[in-house]
Amino acid sequence: MIWPNKDLLQFTLENPTLLEDFPIAMDSGSARYLGPGILQFEPESTPLHSVILSAGIHGNETAPIELINQLINRIVDGTTTLNVRLLVIFGHPEAMIAQQRFCEVNLNRLFNGQWQHYKGQETERARFIEEKVEDFFVSHGHGQKLHYDLHTAIRGSQFEKFAIHPFTHSAAYPKEQFAFLKAIGLEAVLLSHEPASTFSYHTYKNHSAQSATVELGAVRPFGENDLSKLEDLFEALIQLLTDGSLAQSDEEIKLFQVVDTLIKDAEDYQLNISSDTPNFTSFKAGKTLAHSSQSHYTIKQDGDALVFPNTNLPIGQRAGLVVRATDWRSITLE
Ligand SMILES: O=C(O)CCC(=O)N[C@@H](CCC(=O)O)C(=O)O
Ligand SMILES: [Zn+2]
């Protein structure tokens, strides 16, 4: 197969199941197509870092897919010269075509090997992505392993752009990553309180990558995104890929500790909020936030807030995160 000189997004939408591995001609360095939506780049110079940029793990979250696609076009046409190793992943090509979050099962609940316990077309995709990530990081040489998994959110949010930092198992948080997340235009970081089956937890836990899930505004169809809102991110990624430095902001980003994960535990599970309640809406202690025939969840502390509320999912899956504002003194930084 010869790379047809189209962009990765167009090629992926036209070939969502093309399981081939072939080189892509580059003026500087080398690149390979590794399978649907996946390109790996190696710089000509000694690589400064190994970086994974993923988007479209949920097929209808299109803004970051368009942003990463612009970035790749600049690399392939030689406008941007890489000095890092780079693995680009468009997570779920078939859901991208269907303009859906997923087809059969939520891909972002299948990582860290969880695909072995599910059925559905996404299980093979999760296995395949884990394999390509493993191959990529096995050949890591110098610098850091970095992974930013880019998403957009289903509902509005009091903080439009924010990140979820994987659970660290008591390890220190790298200050440089928080300053980077602020510099790319994010307002808040949620600190996860437990292991997860998300892509960003997978790379953090299994490959010691500095990783984060990054939420970049609201879900919109292809062609309807205002990418000018993501300019800080675009510029910071160019900087990272070319000179290997992480853009830094002096302003502190807001921190939230995840205090509880809400799990849908019965078909009649309900959240006591209206359908347009934005992410980070806070509540008074004592409010019954969720109830079902099996359980009820009461807000524990004034100001505790809800992120990612969703009951349109199978029993056993996450129906929301309850988060609490915290400050820098409560965490260990390195
Ligand atoms: O808006 C929503 O409800 C979901 C947006 C989204 O896809 N978020 C990710 C977060 C992953 C994480 O917790 O690291 C997800 O739910 O998979
Ligand atoms: Zn998502």
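The following legends describe close-up views of a predicted model.

**View 1. Residues surrounding ligand 1 in the predicted model****.** The shell around ligand 1 holds 4 nonpolar and 7 polar residues and no charged ones. Three of its members, His 58, Asn 108 and His 151, are joined by Ala 153, Ile 154 and Ile 164. Thr 198, Ser 200 and Thr 213 also belong to the surroundings of ligand 1, as do Phe 308 and Asn 310.

**View 2. Domain 1 and domain 2 of the chain****.** The domain assignment places residues 8-243 in domain 1 and residues 258-330 in domain 2. On the side of domain 1 that touches domain 2, the residues comprise 5 nonpolar, 5 polar and 3 charged. Contact between the two domains involves 13 residues of domain 1 and 12 residues of domain 2. Their centres, taken over C-alpha atoms, lie 27 Å apart.

**View 3. The segment annotated as an AstE/AspA barrel-sandwich hybrid domain in UniProt****.** This annotation, from an unreviewed entry, covers residues 252-324. Over these residues the chain is 42% strand and 0% helix, and 17 Å separate the C-alpha atoms at the two ends.

**View 4. Pairing of strand 16 with strand 10****.** Strand 16 (residues 318-326) runs antiparallel to strand 10 (residues 254-263), and 8 bridges link the pair. Gly 320 in strand 16 is the bridge partner of Leu 262.

**View 5. Pairing of strand 16 with strand 15****.** Strand 15 (residues 305-307) is likewise antiparallel to strand 16, with 3 bridges between them. Here Val 322 of strand 16 stands opposite Leu 306.

Methods: Residues are numbered from 1 along each chain as its sequence is written. Chains are lettered from A and ligands numbered from 1 in the order in which they are written. This is a predicted model: local features need pLDDT of at least 70, side-chain atom pairs count only at pLDDT 80 or more; totals for chains, interfaces and linings use all residues. A residue is near a molecule or strand if its C-beta atom, placed from the backbone, lies within 6 Å of it. Ala, Val, Leu, Ile, Met, Phe, Trp, Tyr, Cys and Pro count as nonpolar, Asp, Glu, Lys and Arg as charged, and the others, Gly among them, as polar. UniProt positions are given in the numbering used here, feature names are shortened, and annotations may be inferred rather than shown by experiment. Helices (H or I, at least four residues) and strands (E, at least two) are DSSP runs, numbered from the N terminus. Domain bounds come from an automatic or database domain assignment. Two residues are in contact if their C-beta atoms, placed from the backbone, lie within 7 Å. Two strands pair if DSSP finds at least two bridges between them.
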